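Student: I've just opened this one and don't know where to start. Can you walk me through it?

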Amino acid sequence: MTNQVAPLSDDDRITPDLLKIAGVVVLGAIMSILDVTVVNVALPTFQTELSSNGEPLAYSTVAWTATAYMLALAAVIPLTGWAADRFGTKRLYMTAIALFTIGSLLCATAWNIEALIGFRVLQGLGGGMLMPLGMTIMTKAAGPHRMGRLMAILGVPMLLGPIMGPILGGILIDAASWHWVFLINLPIGIIGLLYAQRVLPKDAPEPSEALDVVGMILLSPGLAALLYGVSSIPEQGTVAATKVLVPAIIGVLLIGAFVFWSFKPQHPLLDLRLFKDRNLTVSVITMFLFAAAFFGALLLVPTYFQQVDGYSVKKAGLLIAAQGIGAMLTMPVAGALTDKMPVGRIVPFGFLGILIGMFGLAQNTDPGTSDWTIMAWLFVTGLGMGATMMPLFTSALKTLKASDVARGSTLLNVTQQVASATGIATISVVLTNAMKSGDVLAGSESLPNVDGGLTAAQLAASSHTEQGNQLVQALDASGAVLQQGFQDLADAFASSYWVAFFVLVVTLVPVAFLPRKREKSHLLDSEDGAPPPIMMH
């Protein structure tokens, strides 16, 4: 009886050997994703502690610590496929961990916001390779019958990030300093290197494809230039600024040229021919809109707790954990269901949860709103996220041929990172402009270090800091002014959440086109019926 069950067990179950490999991949992904959420919590701290003139830095300025990381990710991901083919998946994965760890150490030594932003780019170059390489390693180790649960395992970092990142960041900042949000990556990186060396199978790379040099020259700078322009909007306050338009136009032209070029070489840097697959196309469109709205709004939540409610970084992190707990409950269930039914029957329910949660957040930003109320809406949003993210990845990859899976994962990772950076920039400019929309406070023109004066919302946002208190005293602001400022600030956050909600509503259109019928997987397609080696392109 045991002998009859074993073959089926190996094919359908998550085996110990797969779990060992998954452990390496998850550890690397945790390091990359955890860093994003830890830094999100630290943004208000950067505003005060990295200021050079004694006044709090603008939110749009410190948001570059997140945006620069995303830019580096988007630029390096397309190169990951060729590099894996050239140097081997194991060697490149270990190199990525090492680069990320070194970047973390340098970030901890940053002496001003410009240095921190620069070191975050180096961090992103390592972090950008971790997820597509991890997906390739895991997909090679698992067959099509385990794809849903495989993606649920890869979703573990997305659970631990929202839960552990804010809490860990809050504890480190309160107990030590902001430097430790980066130093914490050192032991994780060292463990990851040792673990990868021991567990990942040796691979002998056989370079068979030349680097698409033209594609690299067009795509990577094009993505970085476009996102630089988009990410400059919050700082400039308008789309018409030269700093926005010039790089954005250059980026669009380079990306457009790459699109035309990509159909000429046999192995382009980013294979757009994969968009012939309907499931991949629909999933990529859905992923872009979802990631832009969800991650753009997610960046604001810890800042809301600190600026509107005046909470410490640690308390803000504990409250945000409600979202991660919600995702933790639904992600394993969604992964198991994805192996049994089409994602078109799962993802709509996840989106319903996200829409309800985002609607609730937008309605409950007023000062004095119960923490439990906001946590409840975050929990509902997390439930929806857990039933959405990994099924989308599965839908995109499951019907591709085995040799195309890695190229598909590269497309998905580029999409997610570009969308996240775009969402962060868009939501940040909505918040920044909403805070600037009020009347300038009387007397603020006498403050030499404040450009253009202060609105009540801007004063309220910084009033919980030492510098903010000094501004309140300098302006002789009354309690009524601050009360109005907090209300204006809460309304600014509400406006940002409503923008995210609207984008999520638009996302329902591609969600409606996700497959609702079970389709054959091609992951095992090869001449001998066995899974062929998967190389990234």
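Tutor: Start with one helix pair. H14 and helix H17 (residues 347-363) pack at an angle of about 30°, with axes 12 Å apart. Helices here are DSSP runs of H or I with at least four residues, strands are E runs of at least two, and both are numbered from the N terminus. Axes are lines fitted to C-alpha atoms, for helices over the stretch in contact, and angles run from 0 to 180 degrees between N-to-C directions.

Student: Are H14 and H17 roughly parallel or antiparallel?

Tutor: H14 and H17 are roughly parallel to each other. Angles under 35 degrees count as roughly parallel, over 145 as roughly antiparallel, 65 to 115 as roughly perpendicular and the rest as oblique.

Student: Which residues make the contact?

Tutor: On the H14 side, Thr 286, Phe 290, Phe 294 and Ala 297. On the H17 side, Phe 351, Ile 354 and Met 358. Contact means heavy atoms within 4.5 Å. By type, six of these residues are nonpolar, one is polar and none is charged. Nonpolar covers Ala, Val, Leu, Ile, Met, Phe, Trp, Tyr, Cys and Pro; charged covers Asp, Glu, Lys and Arg; the others, Gly among them, are polar.

Student: And the handedness of the H14 and H17 crossing, left or right?

Tutor: H14 passes H17 in a left-handed crossing. Left-handed means the near helix is turned anticlockwise from the far one by less than a right angle, and right-handed means clockwise.

Student: Before we go on, what sort of model is this?

Tutor: It is a predicted model: local features need pLDDT of at least 70, side-chain atom pairs count only at pLDDT 80 or more, and totals for chains, interfaces and linings use all residues. Residues are numbered from 1 along each chain as its sequence is written, and side-chain values use heavy atoms, with hydrogens and water left out.

Student: Back to Thr 286. Is Thr 286 buried or exposed?

Tutor: Thr 286 counts as buried, because its relative accessibility is 0%. Buried means under 20% relative accessible area, exposed over 50%, partly exposed in between, using a 1.4 Å probe and protein chains only. Thr 286 sits in helix H14, residues 278-298.

Student: What does Thr 286 touch beyond its neighbours within four places in sequence?

Tutor: Phe 351, Leu 392, Thr 507, Pro 510 and Val 511. Within its own helix, a polar atom of the Thr 286 side chain lies 2.8 Å from the backbone oxygen of Val 282.

Student: Zoom out. How many helices and strands are in the chain?

Tutor: The chain has 23 helices and zero strands. Of its 537 residues, 59% count as buried.

Student: What share of contacts join residues at least 24 apart?

Tutor: 81%, among contacts between residues at least 6 apart in sequence.

Student: Got an example of residues far apart in sequence?

Tutor: Try Asn 413, in helix H20 (residues 405-436). Asn 413 and Ile 77 are 336 residues apart in sequence, yet 7.3 Å apart in space, C-alpha to C-alpha. Not counting residues up to four places away, Asn 413 touches Ile 77, Met 131, Pro 132 and Met 135. Asn 413 is buried, with a relative accessible area of 2%.

Student: Anything else in H20?

Tutor: Thr 410 is in H20 too. Thr 410 is buried at 0% relative accessible area. Its C-alpha is 9.0 Å from that of Met 135, which lies 275 residues away along the chain.

Student: New topic. How do H4 and H11 pack?

Tutor: The axes of helix H4 (residues 64-87) and helix H11 (residues 213-231) come within 9 Å and cross at roughly 165°. That makes H4 roughly antiparallel to H11. Their crossing is right-handed. The contact residues divide into 12 nonpolar, three polar and no charged.

Student: What about H2 and H10?

Tutor: Helix H2 (residues 16-49) and helix H10 (residues 185-199) pack at about 155°, axes 10 Å apart. That makes H2 roughly antiparallel to H10. The crossing of H2 and H10 is left-handed. Their contact has nine nonpolar, four polar and two charged residues. Lys 20 and Asp 35 are among the H2 residues taking part.

Student: Last one: where is Pro 265?

Tutor: Pro 265 is in the loop between helix H13 (242-261) and H14. Pro 265 counts as buried, at 18% relative accessibility. Leaving aside neighbours within four places in sequence, Pro 265 contacts Asp 212 and Arg 273.

How values were computed. A polar contact is a pair of N or O atoms within 3.5 Å; within protein, one must be able to donate a hydrogen and the other to accept it, and residues adjacent in sequence count only if both atoms are side-chain atoms.
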